[in-house]
Amino acid sequence: MSGCGDCSSCSIGDKAKEYRNNSGKPAVKCTLCGKEVTFDKLPENRRVTCPECGTRIEVIPLLLN
C-alpha cells in the first residue's frame with residue numbers, strides 16, 4: 001500500500017480535531033468507531049491509527065482548531 005486513501009477502509013475525509021482527555025493526554029475520536037485514540041507525541045505525518053478498527057485518522061492539531 002503506498003499511502004492513505006489507497007484502500008476502501010479509509011478516506012481523505014478521516015480527519016479529527018485533537019483535544020486533551022480527562023488524563024491530560026492528547027487524543028482524537030476515531031471517525032469510524034468513535035473510540036478515543038490517545039498519543040504521547042503527534043507523528044510528523046499527523047496520522048494516528050485506531051487500535052480498535054484500524055482506521056487511519058489525520059489529526060487536526062490543537063493549535064489549529
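Student: Why is Cys53 called partly exposed in this predicted model?

Tutor: Its relative accessible area is 34%. Partly exposed lies between under 20% and over 50%, so Cys53 is partly exposed.

Student: And what makes Cys30 buried?

Tutor: Cys30 has a relative accessible area of 5%. Buried means under 20%, so the label fits Cys30.

Student: How do you know that Cys53 is in no disulfide?

Tutor: The nearest cysteine sulfur, that of Cys30, is 3.6 Å away. A disulfide needs the sulfur atoms within 2.5 Å, so Cys53 and Cys30 do not qualify. The count is zero disulfides.

Student: What makes Asp40 and Lys25 a salt bridge?

Tutor: Their N to O distance is 3.0 Å. The cut-off is within 4 Å, so the pair counts. Asp40 lies in the loop between strand 4 and strand 5, and Lys25 in the loop between strand 2 and strand 3, so the pair ties together parts 15 residues apart in sequence.

Student: Why is Asp40 called exposed?

Tutor: Asp40 has 69% relative accessibility. Exposed means over 50%, so Asp40 is exposed. Lys25, at 31%, is partly exposed.

Student: What makes Glu58 part of a network of salt bridges?

Tutor: Glu58 meets Arg46 at 3.0 Å, N to O. Glu58 also meets Arg47 at 3.5 Å, N to O. The limit is within 4 Å, so both pairs count. Arg46, Arg47 and Glu58 are thus linked.

Student: Is Glu58 buried or exposed?

Tutor: Buried: Glu58 has 15% relative accessibility, and the limit is under 20%.

Note on methods: Residues are numbered from 1 along each chain as its sequence is written. This is a predicted model: local features need pLDDT of at least 70, side-chain atom pairs count only at pLDDT 80 or more; totals for chains, interfaces and linings use all residues. Side-chain values use heavy atoms; hydrogens and water are left out. Buried means under 20% relative accessible area, exposed over 50%, partly exposed in between (1.4 Å probe, protein chains only). A salt bridge is a side-chain nitrogen of Lys or Arg within 4 Å of a carboxyl oxygen of Asp or Glu. Helices (H or I, at least four residues) and strands (E, at least two) are DSSP runs, numbered from the N terminus.
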